[in-house]
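Open the model in your viewer and keep the selection tool at hand. The stops below go from one selection to the next, with a note on what is there.

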Amino acid sequence: MKIKQVRAVEVNIPRTPPKSESRRPNWNTHARRALPINKYPEFPRLHGQMPGANTSAEVWVQVVAEDGTWGLGQCSFGEPTAALIDYHFGPLLEGRDCMALEYLNDLMWRSTQRFGAGGLATVAQSGVDLALWDLKGKLLGQPVYSLIGGPCRDKALIYVTSDDLDWSLELGFKHFKVSNPAHYDEGIDGINIVEEKIANAREMVGTSAELMYNPVMSFNVEFAVRLADRLRPYGLRWFEEPLIPTDLEGHIELKKAINWIPLATGEDHHGRWTFRQLVEHRAVDVLQPDMKWCGGLSEALKIYTIGEAAGIITIPHAAAASPWGQHFAISMPESPMAEFWMGSDPGIPLDEVCPIPGMPMPKDGYVKPSDAPGFGMEIKEEWIAPWDHTTAMKARGLA
C-alpha cells in the first residue's frame, strides 16, 4: 500500500464544557517555574510563557494511504515543524510503501543531516512516524501495542506530574512528580525555595509514595550537586533533567558526584544517538524520551532497546497522557511506570477533560490503552483541516 499524502493538519475536536465545577485554577496557572532562559529575569516564570517553551502549538500529521485509509500523529512547536512536514517530509515519502516504517524513518533521518537532525527536524519526524504507526494499525486491524510486541501487563502504573497534590491523591494516583521553582542563578535562595517545596510535598504524599522532582534543564552541575545534597532526607525516586541535553560531560560529572538520587533525563534529547552516549557513559538511571519530539514511536523503541541492554529503564515523558505513550507503556517490560501530566483544574474528573476522543484516562493510578485498531483515537474526518501556513505567517507580520 502506497502513501498518497503526508500533511500537517489541524484537528478541531469539538469541546464540551466539563459538567463538574472547578474548585480552583490548576497549578499551571500560577506555579513558579524555571527553564534555561529564566537565567534572565525579564522572562515570565509561568508554564508555557517562556520563549521556546510553548508546546501548546500542537501540530497534527495525517498520512493517507492510496485506498483512503488515514492515520494521525502529533508533534509540537507550531509553524516551523508544520513547514518541515509539508515541504520536506511530505514530498520525500509520498508514493512509498506505507508499511516500510524502518525504511521511511531512515529516509527522514538521512534527509535532515545537512540542515540539522536532532532539533525541530526530529520533532517533525516524530509526528510523521506516529501517523504511520496509526495507519499501519488501521490497515492491519490491530492496536499498535500488538504490532510492537503485545501487552506485557494488564494495565500501566502511573505517576502524576502536578503540583496539585491534594487533588492527585483524591484521584487515586500513587506516585507523584512536582515542578521546579528555581534557576541556578538564584543560588542559596533557590536551594531554600526548592527544599521547602519538596519537604511539603513529601509530607503530603507520605513515605509510601514515590516522589520525583523535575528541574527541566535549569541547573548547572555545581548547583545540582548542592541541591541534591540538601534533598537527601526526602527520599526522591529520581532527580529529573537538571542539565541542558547538550552537556554530556556535565551529566557524566553529576552522576559521579551524587549516588543517593537516581538521575533521569531525555525529554529534550532527540534521537537514539544522544541516548546511546548517556548510556555508554553510565550517566543516567532512567531514560525519558518524548515520543512527539525524539523521533516518534520507532525511535523510542530503539532508545528503549539501548537502555534495556544496559539494564536501564525507559519511562517516556508524558506517556500516559497520549495514545502512543499508553501503547508503549503496556508493551515494554522495562518500562515500569508511565507519566500522566495533569493540567486540569481540581474538582473536575479526568474523563470530563479527555483531550483526544477514544483515549482512556487514568483511574486509581492506572491506565489501559484502547484495543481499537491503530492508536484507537476516535477522530472524525470532518474535524481535520490542512495546516494554515498563511495564518501562521500573518501572525508574525510576515505575510
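**Stop 1: helix H7**

Select H7 and then what covers its buried residues: the cover includes helix H6 (187-205), strand S6 (211-214), strand S7 (238-240) and H8. The model is a predicted one. Within H7, colour Val221, Phe223, Ala224, Leu227 and Ala228, which are its buried residues. Around the axis they span an arc of only 160 degrees, so they sit on the same side of H7.

**Stop 2: H7 against H8**

Keep H7 (residues 221-230) and add helix H8 (residues 248-257); their axes lie 10 Å apart, at an angle of about 25 degrees. How are H7 and H8 oriented to each other? They are roughly parallel, because an angle under 35 degrees counts as such. Their crossing is right-handed. To display the contact, pick Val221, Ala224 and Val225 on H7, and Gly250, Glu253, Leu254 and Ala257 on H8. Sorted by class, this contact of H7 with H8 has 5 nonpolar residues, 1 polar and 1 charged.

**Stop 3: His251**

Stay on helix H8 and select His251, which is located there. Is His251 buried or exposed? With a relative accessible area of 3%, His251 is buried, since buried means under 20%. Leaving out residues up to four places away in sequence, His251 touches Leu243, Ile244, Pro245, Thr265, His269, Leu278 and Ala283.

**Stop 4: H7 against H6**

Return to H7 and show H6 with it. The two pack at an angle of about 35 degrees, with 10 Å between their axes. The crossing of H6 and H7 is right-handed. On the H6 side, select Gly187, Ile188, Gly190, Ile191, Asn192, Val194 and Glu195; these meet Phe223, Arg226, Leu227 and Arg230 in H7. The contact of H6 with H7 has 5 nonpolar, 3 polar and 3 charged residues.

**Stop 5: helix H2**

Move to helix H2 (residues 101-111) and colour Leu101, Leu104, Asn105 and Met108, which are buried. Why do these buried residues line one face of the helix? Viewed down the axis of H2, they fall within an arc of 95 degrees, so one face holds them. An α-helix has 3.6 residues a turn, so residues three or four places apart point the same way. Now turn H2 over: the face directed away from its buried side carries Glu102 and Arg110, both exposed. To see what covers the buried residues of H2, display strand S1 (3-11), helix H1 (79-93), helix H3 (120-140) and helix H10 (297-309), which are included in the cover.

**Stop 6: H3 against H10**

Hide H2 and leave H3 and H10 on screen. Their axes are 7 Å apart and make an angle of about 95 degrees. H3 and H10 are therefore roughly perpendicular to each other. Asp129, Leu130 and Trp133 of H3 make the contact with Leu297, Ser298 and Leu301 of H10. By class, the residues of the contact of H3 with H10 are 4 nonpolar, 1 polar and 1 charged.

**Stop 7: Leu140 and Trp70**

Still on helix H3, select Leu140. Leu140 is partly exposed, at a relative accessible area of 44%. Neighbours within four places in sequence aside, Leu140 is in contact with Met99 and Leu147. Draw a distance from the C-alpha atom of Leu140 to that of Pro373: the separation is 7.7 Å, with the two residues 233 apart along the chain.

Next select Trp70, in strand S3 (residues 70-75). Trp70 counts as buried, at 13% relative accessibility. Residues up to four places away not counted, Trp70 touches Gln62, Val63, Val64, Asp134, Leu135, Lys138, Ile379, Glu381 and Ile384. The C-alpha atom of Trp70 is 8.9 Å from that of Leu139, a residue 69 places away along the chain.

**Stop 8: two positive phi values**

Most residues other than glycine have a negative phi. Select Arg282, in the loop between helix H9 (272-280) and strand S9 (286-287). Arg282 is not a glycine, yet its phi is positive, at about 50 degrees. Its relative accessible area is 47%, so Arg282 is partly exposed.

End at Asp364, in the loop between strand S11 (338-341) and strand S12 (366-367). Asp364 also has a positive phi, near 55 degrees, without being a glycine. At a relative accessible area of 45%, Asp364 is partly exposed.

Key:
Residues numbered from 1 in each chain as written. Predicted model: local features only at pLDDT ≥ 70, side-chain atom pairs only at ≥ 80, totals over all residues. Heavy atoms only, no water. Buried < 20%, exposed > 50% of the residue type's maximum accessible area, 1.4 Å probe, protein only. Helix = DSSP H or I, 4+ residues; strand = E, 2+ residues; numbered from the N terminus. Arc of directions from axis to C-beta. Contact = heavy atoms within 4.5 Å. Axes fitted to C-alpha atoms, helices over the stretch in contact; angles between N-to-C directions. Parallel < 35°, antiparallel > 145°, perpendicular 65-115°, else oblique. Left-handed = near helix turned anticlockwise from the far one by under 90°. Nonpolar A, V, L, I, M, F, W, Y, C, P; charged D, E, K, R; others polar.
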